[in-house]
Amino acid sequence: MNFDIDSGKLLYALGVLFAAAALLYFVRDVVFGLSITVKAVLLLLTFVVFFVAGVAVQRDVLDVVAFALSGIAYVVFVGYVVVRYDPGETGTFLLLAASAAVFLGLGYGLRVRELTMSRRTAAAIVTGLVVLSAVLVGVDAVGGGVTYDLETESSVTVEPPTRGPDRGYTQSEVTIGTVTARNEFVFTRAFDLPELRGCLLGVPDPPSRELWVGYEPAAFEQRSVIRGETTRTVDVRADVLVDVNQTEPVTYAVERGEDCDGDRASPTLVVWVEERRP
């Protein structure tokens with residue numbers, strides 16, 4: 001069996017494939033630390049750059065490759081906007097309809113109007129877009145990120161259990177503080193609540209010194225973005241182990257700490273923010 005494979009086109013196809021993978025990795029918000037707004041704009045500018053290149057090149061299959069990269073960049077842009085900004089059903093429909101109109105218009109311009117562009121003009125446009133991208137990235141870096149401030153109550157009171165096992169301990173969920181997120185710049189950024197840890201100290205022979213500390217509502221139920229110049233406050237909750245034989249309310253002091261080392265003379269909840277791994 002004879003397979004007639006054009007090695008050049010195969011390499012072009014692999015290049016397009018890896019470019020698509022790079023764009024998808026770019027939008028995962030795990031590299032560069034850019035805001036959601038700037039990432040969306042960069043994807044849109046990438047679409048324009050490759051389209052301009054495709055119009056200007058018109059050589060062998062390079063124009064097709066450029067248009068393919070342009071289309072992929074635009075598809076990733078639309079998907080990123082829909083996922084991160086959550087425009088709703090109506091907004092998503094309008095975005096898809098507008099995208100269809102854009103590509104139909106571009107196709108008409110290429111096929112019917114024979115849209116052309118000199119390489120000099122294309123180079124000027126691309127240079128301008130690259131400069132604009134650099135300015136946006138610089139402004140984004142200067143604008144800073146989202147800050148998270150943990151504030152704890154001085155103490156919380158846990159009522160005796162009303163029902164539970166015949167012996168041992170049961171869990172009682174209490175609010176021990178809040179985390180306030182502040183995005184003081186104009187760009188929309190990822191909303192990524194810090195991981196919290198906690199310990200129960202000053203209680204004789206608890207089954208575990210560590211206790212669950214989380215958010216209400218849970219972190220995965222929160223919107224994953226925080227818009228520019230916005231402040232959001234989320235309650236911090238903890239599951240406290242309560243002796244089933246407890247008959248009176250118990251007051252726990254709440255402290256900011258760093259670990260479970262040491263002990264306390266009275267019941268104490270120690271909570272801290274877990275350091276993010278690089």
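Reader: Is arginine 197 buried, partly exposed or exposed?
Author: This is a predicted model, where local features need pLDDT of at least 70, side-chain atom pairs count only at pLDDT 80 or more, and totals for chains, interfaces and linings use all residues. Residues are numbered from 1 along each chain as its sequence is written, and side-chain values use heavy atoms, leaving out hydrogens and water. Buried means under 20% relative accessible area, exposed means over 50%, and partly exposed lies in between (1.4 Å probe, protein chains only). Arginine 197 has a relative accessibility of 28%, so this residue counts as partly exposed.

Reader: Which residues are linked with Arg197 in a network of salt bridges?
Author: A salt bridge here is a side-chain nitrogen of Lys or Arg within 4 Å of a carboxyl oxygen of Asp or Glu. Arginine 197 meets glutamate 210 at 3.5 Å, N to O, and this pair links distant parts of the chain, 13 residues apart. Arginine 197 also meets glutamate 274, at 3.6 Å, N to O. The residues linked with Arg197 in the network are therefore Glu210 and Glu274.

Reader: Where along the chain does glutamate 274 sit?
Author: Its salt bridge with arginine 197 joins distant parts of the chain, 77 residues apart. Arginine 197 belongs to strand S5, a strand being a DSSP run (E) of at least two residues and a helix one (H or I) of at least four, numbered from the N terminus. Glutamate 274 is in the segment after strand S11 (268-273).

Reader: Which glutamate does arginine 264 meet in a salt bridge?
Author: Arginine 264 is partly exposed, at 29% relative accessibility. Its partner is also partly exposed, at 29%. The side chains come to 3.1 Å, N to O, and the partner is glutamate 255.

Reader: What span should helix H5 have at 1.5 Å a residue?
Author: Helix H5 covers residues 119-143, which makes 25 residues. The expected span is 1.5 Å times one less than the number of residues. The end C-alpha atoms of H5 are 36 Å apart, in agreement with the expected 36 Å.

Reader: What do the buried residues of H5 pack against?
Author: The buried residues are Ala122, Leu129, Ser133, Leu136 and Asp140. An α-helix has 3.6 residues a turn, so residues three or four places apart point the same way. Taking contact as heavy atoms within 4.5 Å, these buried residues pack against helix H2 (36-57) and strand S4 (189-190).

Reader: Which element gives the most to the lining of the second largest pocket?
Author: On a 1 Å grid over the protein atoms alone, a pocket is an open set of points where a 1.4 Å probe fits, with protein on both sides within 12 Å along at least five of seven lines, and lining residues have an atom within 4 Å of a point. Leu42, Leu129 and Ser133 are among the lining residues. Two or more lining residues come from each of helix H1 (7-26), H2 and H5. The element that gives the most, with 5 residues, is H2.

Reader: Where is the place of proline 217?
Author: At 35% relative accessibility, proline 217 counts as partly exposed. Its C-alpha atom is separated by 27 Å from that of valine 31, 186 residues apart along the chain. Proline 217 lies in the loop between strand S7 (213-216) and strand S8 (225-226).
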